[in-house]
Amino acid sequence: MNIIDRRLNPKGKSLANRQRFLRRARQQILKAVREASGERSITDIANGERISIPMDGLREPSFRHASHGGVRDYVVPGNKEYVEGDLIPKPPMGGGEGGSEGAPDGGGEDDFRFILSKDEFLDIFLDDLELPDLVKKKIRQSESYTLTRAGFSVTGSPSNLNLVRTMRNSLSRRIALKRPKPIDIQEVEDEIRALEESGDDPQRLSELRLRLEQLLSRSKRVPFIDPLDVRYNRFEHVPKPVTQAVMFCLMDVSGSMTEHMKDLAKRFFMLLYLFLTRRYNHVDIVFIRHTHEAKEVDEETFFYSTETGGTVVSTALTEMKRVIDERYPPGDWNIYAAQASDGDNTSSDNAHAADLLENSILPQTQYFAYIEVGAEYKDWLGRETDLWRTYKGVLKPGGNLAMRKVRVRSQIFPVFRDLFSKERAHGSP
Amino acid sequence: MALREATPADQALLFEGADWDFDKVRRAFDVIETIAKGEFGLDTYPNQVEVITAEQMLDAYSSIGLPLMYKHWSFGKRFAQDEVLYRKGMRGLAYEIVINSSPCISYIMEENSMAMQTLVIAHAAFGHNHFFKNNSLFKQWTDAHGILDYMEFAKAFITRCEERHGHHVVERVLDAAHALMNHGVHRYPRKRGYDLRQEQEREKERQAYFEQTYNDLWRTVPKSPATYQGSRELAERKKRLRLPEENILYFLEKTAPKLQPWQREILRIVRNISQYFYPQKQTKVMNEGCATMVHYHIIHQLHERKLITDGAFMEILHSHTNVVFQPDFDDPRYGGLNPYALGFGMMQDIKRICEQPTGEDREWFPEFAGNNDPWGTLRAAWADFRDESFIQQFLSPALIRKMRLFKVHNDDDAPDMEVTAIHNERGYRAVRKALARSYDISHHECDIQIVDVDLAGDRRLVLQHRVTNGILLDEDEAILVLRHIANLWGYEVRLIEVDAETEMTLREYDDVAPTINLA
């Protein structure tokens, strides 16, 4: 007998089958994921998901007998009271009791339930938005630096002297310039001494003295270590991404924001969150909603509770500034902010908001994205809202403020891409 | 008794406690082997036991139990399904999977206790293995030595096709082939073609016969009418295409006009796999019965010889009892006859008849009642029968009484079902016959044949379903399958359902045209 331990064999033997299955059921899964992501909280988005999809298109048909009709005989166990000739009323839905029939895979019209892993869920979710990989590379670098070794230099402080490199240069130079070795000099000296003692062959002695002189002068002219040889370790400042980020979600929750608008905003926030989690080890989210006053709230409240009141945007910015000062020093945190609004603002507040944004918020944030959500049906692109005009005044080419308008779901991703491609981080819609 | 002395490790326990390790497994295997080969006279392929994890077991499930399988989404679907059920705890995993190959591979799970490993080895590595090697159906239809190599080829071939022609196209061919998998089987050995020399001899014989029996009078008989001429043409055409043909995949592989060579090869692969599993479908009861019978008696032997503790023995008996549990028809757990219960019951009964027959047994089974050679009798039965004939031959009145089997007749037109036979003198044969019939594969697989194709004309393929007992096809499924056939065939396909007895047409499907062009 052979006994083989297969437990350490590579896992995921059926991974390829699973990919084929996901590809096959793509449309259904896409739909399910889309629905699921509507229901989930932002921070949950990246967890695996049990989803359930309809069986259409996943059926494996085969010729089989219909479950009804015709004449059938069954043999069944456990007779208790029947004798030959007894009649048994049929069960209401006529289904053959037991018997040899029955779909082999127990299949029916039921939905098909299975579990998507975190990565699969994300892939499909992002795929739905056609998020290209390149975007990830273009996010702005954060501003903290670290020193890393970067080769050698000819200048530097003595503490950074690289002895090995220096000695190597020295050796090669000494060989190239034929600096006499100490052992050669020693030999000549020894011979001279021997000749001086014995006193014979004065001819040879004077030759040797001359040679010794040459050797000594040569070794004086070619130094053991020349400043040319010296090398120092070189260090470079490399920007180090701060591994934590905080994301501020600001939203206007006054009555004029419809469910549709909130849904658009939520999707945008989700994307931003996903984006940041792929980039940073740790991402905090702060939800700030505002009417005529602003408050930091939890996610549930942020999206689902309604509030009435006017619209004063600067309150949200003030609140954000307060939270930053309190908990997120810009030196330690990458600060991102996304604001969603339908563009309304009390006109007296505009100047204040612009000032806050320009002088307090923008200098501290990596990025501030403003999206203006609009009703699906209304053609509102022609008119500029108060807030839009206000922010436009702050907008600078190459600055870290970006603004876009979004009306339907399919526009979210393109806007997102626009916002986060570095070169085009400015500009108008 | 001689065996007892031949086993040196006899007195020491094989194992204690639940943990297993490779040494213990090997020791248990060796002892089981001596019992199985010596006492029961089993004859097996060489064994290979592989230890796997639960996840690998799920993997093995999804690729219909073969260790090597090509890639297809349906396997991924099955995996996802099984995984959900398993994680929810709705379904435990099998303790083992065994593969009809040489060497015979048995997978055992690492989670099993040592007692379970012992059970599994007895069950799979000896019970199933013996059955695979000796049953005539397996001998005739499967090549245990070649299957792993063939699967390796199949997997590589399909991967190559995917690389060359794209996943999508290959998937379509496989989808279509899978839909026809049950109809990709040769049920009878095929007639061998004649070679040229034989053909010439036959021709000569025919001529000689013709000359011998020549009678000028036949010339004066009036010529047949034109319609007859037409049907002769049809007959001629069918003969040339070797129609009717029930192996649809085979026919398409050989005859479909538009398929590429690689597509034909894929059909062939699916067909071969289907053929490989064909005996297993026909011997579920016997195969499981054989394995259960073997493990049951081996475990008893081990316990009698004090090689396993009482605790291990009870643990094994507990899972044995679960396996052969047969709920009554009115029990909510009832889901048809349990092949383990029926097979094990019948084989235990055969053993009893061999050893302690009653008068009734002697009357019903004069050939082996009281012959005192239960294992010889069982080995003969395992070798020469399949479920249907096994039940027909060996189901005894005693077991019918014990299981209280009865036969129910269900006519869809009648208001009620009728009990037509129960476990009494008058009913035994009827019950036995009906039960045997229900295990006949031709009974629950649809009899569908390709009956005509006009290659010179519109190339429409005509299929016929011969309907027995008025049970038609499931219409929705049938239309989907027809679409697959049409895609492979490349032209229209028609299906007619004909009553097998009266030749009346019961239902006709609309012609289905190909929806995609595979070529």
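Two strands count as paired when DSSP finds at least two bridges between them. Keep that in mind for these close-ups, which all come from a predicted model.

**Strand β4 of chain A meets strand β5 of chain B.** Here a strand from each chain lines up: β4 (residues 87-89) of chain A and β5 (residues 416-421) of chain B pair in the antiparallel sense, over 3 bridges. To find your way in, look for L87(A), whose bridge partner in β5(B) is E418(B).

**An open sheet of 4 strands takes β1 from chain A and the others from chain B.** Read across it and you get β1(A)-β1(B)-β3(B)-β2(B), with mixed pairing. Which strands stand at the edges? They are β1 (2-5) of chain A and β2 (96-99) of chain B; each has a single partner strand, so one side of each is left without a neighbour in the sheet. Neighbouring strands are turned by 20° against each other on average, direction ignored. Zoom in on the join between the chains: β1(A) and β1 (residues 47-52) of chain B run parallel, held in register by 4 bridges. A handy landmark is N2(A), which sits opposite Q48(B) in β1(B).

**Helix α5 of chain B lies across strands of that chain.** The helix passes over β1, β2 and β3 (104-109) of chain B, and runs at about 160° to β3(B). With 21 residues, α5(B) reaches 29 Å from its first C-alpha to its last, close to the expected 30 Å. Is this helix buried or exposed? Of its 21 residues, 19 are buried, so α5(B) is largely enclosed by the rest of the structure.

**I32(B) and V294(B) are the best-connected members of the largest nonpolar core.** Out of 155 residues in this core, these two touch the most other members. Helix α5 (residues 114-134) of chain B gives the core its largest share, 12 residues. Skip the neighbours within four places in sequence, and I32(B) is in contact with I121(B), A122(B), F126(B) and I298(B). There's also a second, separate core of 61 residues, with L272(A), I285(A), Y391(A) and V415(A) among them.

**Chain B touches chain A through many residues.** How many residues are involved? On the chain B side there are 77, in contact with 55 of chain A. Helix α4 (residues 73-88) of chain B supplies the largest share of the chain B side, 10 residues. Sort that side by class and you get 35 nonpolar, 23 polar and 19 charged residues.

**Chain A has an open sheet of 6 strands.** The order is β10-β9-β8-β11-β12-β13, again with mixed pairing. At the edges are β10 (294-297) and β13, each with a single partner strand, so one side of each has no neighbour in the sheet. On average, neighbouring strands here are turned by 20° against each other, ignoring direction. At one edge, β9 (residues 282-290) of chain A pairs with β10(A) in the antiparallel sense over 4 bridges, and I288(A) stands opposite E296(A). Helix α12 (residues 386-394) of chain A packs on the sheet, touching β11 (334-341), β12 and β13 of chain A, and its direction makes about 150° with that of β13(A).

**Strand β13 of chain A is an edge strand that is mostly covered.** Of the 6 residues in β13 (residues 401-406), 5 are buried. Its pairing with β12 (residues 367-373) of chain A is parallel and runs over 6 bridges. One match to look for is V373(A), whose bridge partner is V406(A) in β13(A).

Definitions and conventions. Residues numbered from 1 in each chain as written. Chains lettered and ligands numbered in written order. Predicted model: local features only at pLDDT ≥ 70, side-chain atom pairs only at ≥ 80, totals over all residues. Core = buried A, V, L, I, M, F, W, Y, C linked by C-beta atoms within 7 Å. Buried ≥ 20, exposed ≤ 12 C-beta atoms within 10 Å, placed from the backbone. Helix = DSSP H or I, 4+ residues; strand = E, 2+ residues; numbered from the N terminus. Contact = placed C-beta atoms within 7 Å. Expected span 1.5 Å × (residues − 1). Axes fitted to C-alpha atoms, helices over the stretch in contact; angles between N-to-C directions. Nonpolar A, V, L, I, M, F, W, Y, C, P; charged D, E, K, R; others polar.
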